[in-house]
Every structure is written in structure tokens, then in C-alpha cells.
Amino acid sequence: MNAWLPVLTLLTSLVPALVIFRIPEDRRTPRAVVNLAGAGAKLALVALMLAGVARGEVYETRLVLMPELYLLLRVDALCLLFLTLSAFLWLLTTVYAMGYFGHAPNQSRFFGFFSLCVAATTGVALSGTLITFFIFYEFLTLSTWPLVTHKGDEKSISAGRTYLAYTLGGSALLLVGMVWLEGLTGPIEFAVRDQLLEVEPATLTAIFALLVAGLGVKAALVPLHGWLPAAMVAPAPVSALLHAVAVVKAGAFGIIRVVYDVYGFDLVQALGVGLPLMAVASVTILYGSMRALFQIDLKKRLAYSTVSQVSYIVLGAALAGPAATVGGLVHLVHQGVMKITMFFCAGALAERMGITRVDQLDGAGRAMPLTMGAFSVAALGMIGVPPLAGFVSKWQLGLGALQAGETWVIFVLAGSSVLNAAYFLPLVYRAWFLPPAAEAEPGREAVAMLVWPAVVTAAAVLLMGLFAGFALSPLSWAELIVARVYGG
Amino acid sequence: MAEPGLLVALPLAACLAAVFLGRRGALLVWVTGPLMLVLTWQLARAIPVVEPLGGWAPPLGIALRADGFAAAFLVMTALVAAVVGAYAATYFAADPRPRRAAAFWPLFYAVWTAVNLILLGRDLFNLYVGLELLTLAGVAMVALDGRAATLAAALRYLLFALFGSVTFLIGAALLYGRYATLDMELLAVALAPDTATVAAAALISVGLLAKAAIFPFHAWLPPAHAGAPAPASALLSALVVKASVLILFRLWFDVLPPLAGALLNALMGGLGAMAVLYGSVQAIRQDRLKPIVAYSTVAQLGYLLLAFPLAGAALGAQPWSAGAWTGAVFHALSHGLAKAAMFLAAGTIMLAAGTDRLDRLGGVAKAVPVASFAFVIAAVSLMGLPPSGGFLAKYLLLTYAFAAQQAGWAAVMVVGGLLAAVYLARPVNALMRAAPAEGARFARVPAVLQLAPLLLALAAMLLGILSFEPYRLIQVNNPAAAHEGLQ
């Protein structure tokens, strides 16, 4: 049974994807049933494995490609952190997407690739060897591309081209890093320690740079972030997927795997590659916030905010101390939940009131109180207002910076928080305190399927902050991961 | 039942029967396809197999020998030919020119016979016969359409191929004069690195390179492969040119390792690298679907030659002893499947849209969704992206390049992969464009024409996932030089 759980988890998205491709366009109910059954089954499996892994169990499945080269699906605590997030958000995004697309055409294609994307993300989370990770990581690139170009107009095709150019460039770097490393050591398994002992430090440093640069494209590290703002032409559920569930997360998760499991804390410190990575992450955090400040387009502002926020995760990994690691890991979850709330809301605003620009938000709170309420909670969370989820992340990261003796990081965090406030608070202010523009028609809430997913995630933002000390909170789970990595 | 002779005799008999059956020759494939698949499968499970024809062992008689290398390609050939045959039966059924359909089937079986003979033969004259049969059938297939442009392409193909035949034959004659045998195993034992042998090896190699359209002998391939009818293009690109490269592999890795050295490796690797880069750049410059796919063949064949400098590199650093050679074999297998899939998909798309100009393909994905999907999956394998046989091949070749500290060859492969992404993204983008071009009307096509390419594309993908058995198969009786390299 234990060997089947990882495969079943993968199949809960893969099988729906293949089934949905075959469902005729106008059969909405069967498509919804298949989608939701897959998402529900995945959540159930994840819950089962969470309980098991908390007890100390490990689930593994392997498929041998060649002697000593195998695909390994392995469920450990770190994997489950990402898996739980993506499973939970997949369910909500599916509901949201059903409401968003209504009777629009090409839905079987959309939901098929959407599920395929989630299957790839699940694979990324489950990967237990470097080559398995690479395979699912690329599978993710390919399955996301039809979603970015979903509308099929020139603008979407062009955004898709940008997306492919960046991500395939990144995968070439990642590939070179991987084959160079494995050419010297043989295939790498994440759970096996001390595999790199015989390789020269200079080579290891070069390979580290290649791997991180390759992964940094998806994690949107500056200057490799250009695709993310361009991809905002995609429909709102796709943005949610790119920014919160799958793509940028896969990049950040990959960097965590490289730092913790391929190289390991000690080697990262011995090579001295932590500091440059910290610097890149810090620059990205500040640059992303800076650019967000000047965006008039709502989704573009959110996109640059993602550029900035995802690097908190990278920063946590680069600081490589216990508290910072907890901060980075917990932010993987927190950022996902907060950012998806905002994209859900942005989509609802655009659908219901045609709002795409920041200056159109005036008075939106009165028209759509639930939507804007959720948006405001997420925005305050991003800024780091206690007791919301974002505060927990920033607190842990700050603590980690002090622990690692890198005091300057505190200033990066503080500066970024000020910038976060500067680009999010005006939105909240406009929505609640300014009167609606004269010519704007009085709106009301969008359909329930667009509103409630955002309300649920906003509630989660609040709960994850309030009950951070609770045993099943993301924070406690991150602490469990770190405790196991440190062997304490 | 695992008799190699049957694998040559059966398609040959079908070829003769097809001559008399005319258009009804299409029906034969429903028997030959499954039968050949079963027979090759049984052979793959029985290898190594040796069959002295008529009971006479070499040097008196000739023998057919099946090792892992041969068996893997026999299975791949049977799969490609069976699916292409099923596709062609439908494709030509609606053809307004009955003579074209009637002419296709004998040629189809001639190609199948010749490829199997080349895979099983270990006698240079035998191989020469196979090559000639292959060339003549191939040239005739290119000329099937009968348009002036395709006739010119066929003629050019014929000139290059005849040049190749002549040099191959002179080389073989030199070897016969020197060693009094053309059996490869006997030659390998007797081989001495003298002038006559070196000259013969060079002549034969040049002949094979010309027939395989390896840079700088590639000029004939794009117009010929792009101009032939879709099922013919699929056979030509997937099997016909590859057969010559496979002989080249046999020759150097089985017979001539004592003659090999750094110069040969650099030369072959260099030609391969040029093919990869030149073919890819030319593919980017095309604006019709089939020429892109044809130039892609020029590029993809180049990867195979990189096995010459990389084989035997990094002894002991990797868990696989013949990794680079295995990588090249995987590459050839997955390219055969993916390229056949791609040409068939392109043929279906052309039937639906009435053209293969990229700017006229908007909306075609809606008209033939399955064929478009097959095109994309085949593209994934050709780009060397996972999960696919193409990826696994590249992974092996690349790890060996780095293990041997020959990063230059690795750079060629990585750049080649990126260029492939560029030249394949253009047609894929064209298919994905939702808005049809002005005045575009799409014809309905039978389901078989969509499913056949999908089947082959999925096979190329599965080769990268269920790779353990293929890996074990091609290791059976592989040549020593595959492990030790051509140093």
C-alpha cells in the first residue's frame, strides 16, 4: 500500500486530465464531476500521508529507467508542505475557474491542461531524485504553455513565446548543471547525503550557479523575471496557477531542494555560495516591490509583487539557519495563499465591474464588500501586519537573519515591508474610503463561485497567522521539517 | 519461430504480391503489420540469433545475425512500418490518382525488406544489396507525386545516392581484394591497418555519409523528404537515411576499431556538430511545415555521430559502461518514432488545411486536434525534453560529455536542443493560433489519419519512461568498442 500512495497521488490529477480531454465541450456537469472528484481524492490522500509522515513514515515508489538511474517518487515532510498547498489551492482554483469561464469555449482543453499542470506540480513535489525532478519540472513548463496562450489571440501567443523563451532557456541551464554534476557523481538522490564529496569546490560552485540560475527563471529571480509580468495576459485562473499553485513555486521549491538536499547546509556554507544567493534574493525583493509601486495595471502590480515575495522563500533558503529556513518554508505556503486570494479578487473585479486598473478601484469596497474584504486581508497579510500569515513569515526570516549574523537582511525586510505598504495600502484605501467614480455603474458581488474561493483563502490567511502555534499549522510543519533536517 | 530469414522474406513476398495487387495492395498491410510485429518481438526475446542461409556458414555462405542492436531497430522498424502502412492505406484510399497509390505499395515493402536486410546482414555485399534496394525504392517514392519539383528532387537524391553506391562498392572491392572475404566478423579478425584497408574504410564511410545526408552531403534531403507524399516522407526520414548511419556504426564499432583514433572521432564529431547546427538554423528559416520537419532530420542525424568521440569516455565514472553508444542508439530509436509521427501528423494537417504554409494554419488545431497533439508530443521528443526517448538519449550523451570533460560536444547538444525548440515552436504556435487565416476552409479527415501519428508519438514518449527493457535489449552482444571507445 505504501508504495502505491505516491503514484495514486500523481494519478488523481493525471487521470482527470486525460479524461477531461475526451469530454465533449458542452458536457459541463461530467467535466465538473471529474475535476472535483480528482481534487477531492487528492486532498484525502494528502491528509492520509500527512498523518503518516508526522508519525515518521516514508512512502516511496521507484521506476528503473536504467541500472542505477530511476524515477523516484518519495513523500517526505518537505514534499508534503508543497503538496498540501497545491492540492488545497487546486480545489479552490478549479471551483473558481468553473465560475470564471461559465459558458466560454475550449473548456475541455483548458481544464485538461490545468489538471496536467497540477499533475506536473505534484510530480515536482514528489520527486526523490534530480532527474525525476527535472522531468516533472519540464513537464510543468510544457503543460503551462497552452494555458498561457489559451485565448489564442496575438497577445497571448506572444506572451506564450516569451514564457517559452525564458523557461526553456532556464531549463537548458538546469540541464547543463544536472548533467555536469551527474557526469561526475552518477545519478543524485535527494535523501542520500554526502554525494558530492569527490567533486572539486570550484566545479561545485559553477554547478550551483547553473542550477540556481536555471531554477531562478521560474522563481522569477531578477533579472530572470521578465516572463511573469508578460504572462498576466492569461485568464485569471491561470494567473492564480502561475503565481501561487505551480510555476513560481516549483522554481522556489527547486532552489530549496538544491540547497538542502543536493548540496546540504554545510556544503553551501563551505563553498560560500549562500551570500551571493542572499544578495540576489534581496535585490529581487526590493526591485520587485519598487516596480510594483509604479504599475497602474492591477494584475501587473500583483505580478511584480510576486517577483518580490517569492524571493523571501529563496532568502530563507540562502540564510541556511534553522529559523530562517522555517521562515522560507512557511512563506512558501503563506505567499501562495495570500497571492491566490488577490488574483481571485482581481479576476472577480475584472469580470463583474471591468476593473483592470488601480485607479478604477474607487469605491469598489461598497459594491463588492466580500471580494474587497478578502483582498484587503490578503494585502495586509502581504505587508506583514500581525496577526496575519505574512507577519509570521517575516518574523521568522528576521529571526533567522539575526541567528545567521546577517543583520543587513533585517533592513531588506523592513524596506520591503514599507514598499509593500506603499503599493497595497492605496488600493485598500481607494476601495473603502473613496467614493465611486460618477460614471461607474453600481456593481454588486460576482457569482458565488468567484467570491467564495477568495473568502476561504482570506480566512486561511487569518487562521494561519492566528493559530501559527497550533500543531497542524504551516509554521509547525515547517519546524518539523527543519527539526528533521537538523537531526534534532 | 525466431528466424531472421523470415523477417526479410516476408516483406519481400509482400512486395512481389503488391506488384500484382495494384491498389488492393493496401489490404496486405493488415496482415503484414501485425505479423511482423509479432515476429520481431519474438526475435527480440530470442537474441542473440545466427542463421546461416541455406546452412552454409561464412565464408562459404552468408549468415544473418541478430544482436540487441539489430533487434531493437527491427522492432522499431516493424512498429513504424505497420503504423505508416495503416495510415497510407487510408491516405491513398481517397487519392484521385490511382496509379500513385498502386505504385506506393511495392515501394513500401521494398523499403521494409531492405531495412531488415541491412539490420540482419553481416556481409558487406549483402549490405550493398540492401542499400541499393533502399535507394531505388526511396528515390521512386520521392518521385511518386510526379510534379516537376519532386522529380528534380528525386533526381538530385539519385545522384547523391549513386555517388554513395559507387564509393561503397569500390571500398568493398578493395577489402575483398585484400582479405578475400566480405563477412564482417571474419574481416574484424583479419584486419590490418594498411593503406588499402584505410582507403577502403574511407571510401565506404564517405558513401554511407552521402546516403545518410550527413552534412556536407545533406543538400538532397530537404526537397526530397518535403516533396514526397506524407507516408513516404515518414519512411524516408525515420528509416531510410538512418539505415546508412546504422551501417556506419556497425562498420566502425564492430569491424574497424583498430583503424579508429582521435582524427576519426574529431572528424565524425565535427560533421555531426555541423549537421546539428546547420540543419537547425535552416529549419528555423523555413516557413512551411514539411521543409521544417525535413531540415530537422538533417539536424537530428548529426547527434548520432557524436557517439564517435564520446563512446568509451569516462570509464568507471558512470554506472553504465556503454553509455554514449547507448545514448546514440536511443536517439536513433526515438527519432525514428517521433519523426515518422511528425511527418504523418504534417500530412494530416496538410490534408485538412489544404496547405502547409505556417501562416495559413491558424485554427487547424480545432479541425484536427489529435493530429496537432501528436505533432506537439513528437516535437517534445525531438527537442530532447522529458518525458521522452529523446530526453533519455540526450541525458546519456550529455553526462558522458561532461564526465569525459569534453564540454564542447555538450555545448553542441544543448545549443542544438534550444535551436530545435525555436524551429519547432514556430509550427506549434501556428497550429495553436485560434483565428483561421482569411478564407481558410478545413476538410474533414478520417480518424485513422489522426490516430496513427498519435500512436507513434506516444511510443517515442514511452521509450523515455519504460526504458529499462529497451536498455537491456540493446546491451545484448554489443560491440567491445561501445564500452572502450574508438581510441
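In which loop of chain A does A:P387 lie? In this predicted model, A:P387 belongs to the loop between α16 (369-383) and α17 (389-404) of chain A, and the legends below begin there.

**View 1. Cis peptide bonds at the proline pairs of chains A and B.** In chain A, the peptide bond that joins A:P386 and A:P387 is cis, with omega about 5°. In chain B, a cis peptide bond joins B:P386 and B:P387, where omega is about -5°. B:P387 is placed in the loop between α16 (369-383) and α17 of chain B.

**View 2. Helix α3 of chain A and the glycine that follows.** Helix α3 of chain A covers residues 77-101, and its 25 residues reach 36 Å from the first C-alpha to the last, close to the 36 Å expected at 1.5 Å a residue. The helix is mostly covered, with 24 of its 25 residues buried. A:G102 follows α3(A) and has a positive phi, near 50°.

**View 3. Helix α3 of chain B.** Helix α3 of chain B (residues 68-93) has 26 residues, which at 1.5 Å a residue should span 38 Å, and the 37 Å between its end C-alpha atoms agrees with that expectation. Because 24 of the 26 residues of α3(B) are buried, this helix is largely enclosed by the rest of the structure.

**View 4. The antiparallel strands β1 and β2 of chain B.** Strand β1 (residues 49-52) of chain B runs antiparallel to β2(B), and 4 bridges join the two; B:E51 has B:L64 as its bridge partner in β2(B). Along strand β2 (residues 63-66), B:A63 and B:R65 point one way, B:L64 and B:A66 point the other way, and all are buried. In a regular strand, side chains alternate between the two faces of the sheet.

**View 5. Surroundings of A:K299 in helix α13 of chain A.** A:K299 lies in helix α13 (residues 298-319) and counts as buried because it has 22 C-beta neighbours inside 10 Å, where 20 or more are needed. Leaving aside neighbours within four places in sequence, A:K299 is in contact with A:M232, A:S239 and A:A346. A:F470, by comparison, is 171 residues from A:K299 in sequence and 34 Å from it in space, C-alpha to C-alpha.

**View 6. Two loop residues with positive phi, A:A220 and B:Q405.** A:A220, although not a glycine, has a positive phi of about 60°; this residue is found in the loop between α7 (201-218) and α8 (227-230) of chain A. A:A220 is buried, because 30 other C-beta atoms lie within 10 Å. B:Q405, also a residue other than glycine, has a positive phi near 55° and sits in the loop between α17 and α18 of chain B. B:Q405 is exposed, with 12 other C-beta atoms within 10 Å.

**View 7. The contact between chains A and B, from the side of chain B.** The contact takes 29 residues from chain B and 26 residues from chain A. On the side of chain B that touches chain A, α17 (389-403), α18 (407-432) and α20 (468-475) each supply at least two residues. The residues of this side divide into 23 nonpolar, 5 polar and 1 charged.

Key. Residues are numbered from 1 along each chain as its sequence is written. Chains are lettered from A and ligands numbered from 1 in the order in which they are written. This is a predicted model: local features need pLDDT of at least 70, side-chain atom pairs count only at pLDDT 80 or more; totals for chains, interfaces and linings use all residues. The expected span of a helix is 1.5 Å times one less than its number of residues. Two residues are in contact if their C-beta atoms, placed from the backbone, lie within 7 Å. Ala, Val, Leu, Ile, Met, Phe, Trp, Tyr, Cys and Pro count as nonpolar, Asp, Glu, Lys and Arg as charged, and the others, Gly among them, as polar. Two strands pair if DSSP finds at least two bridges between them.
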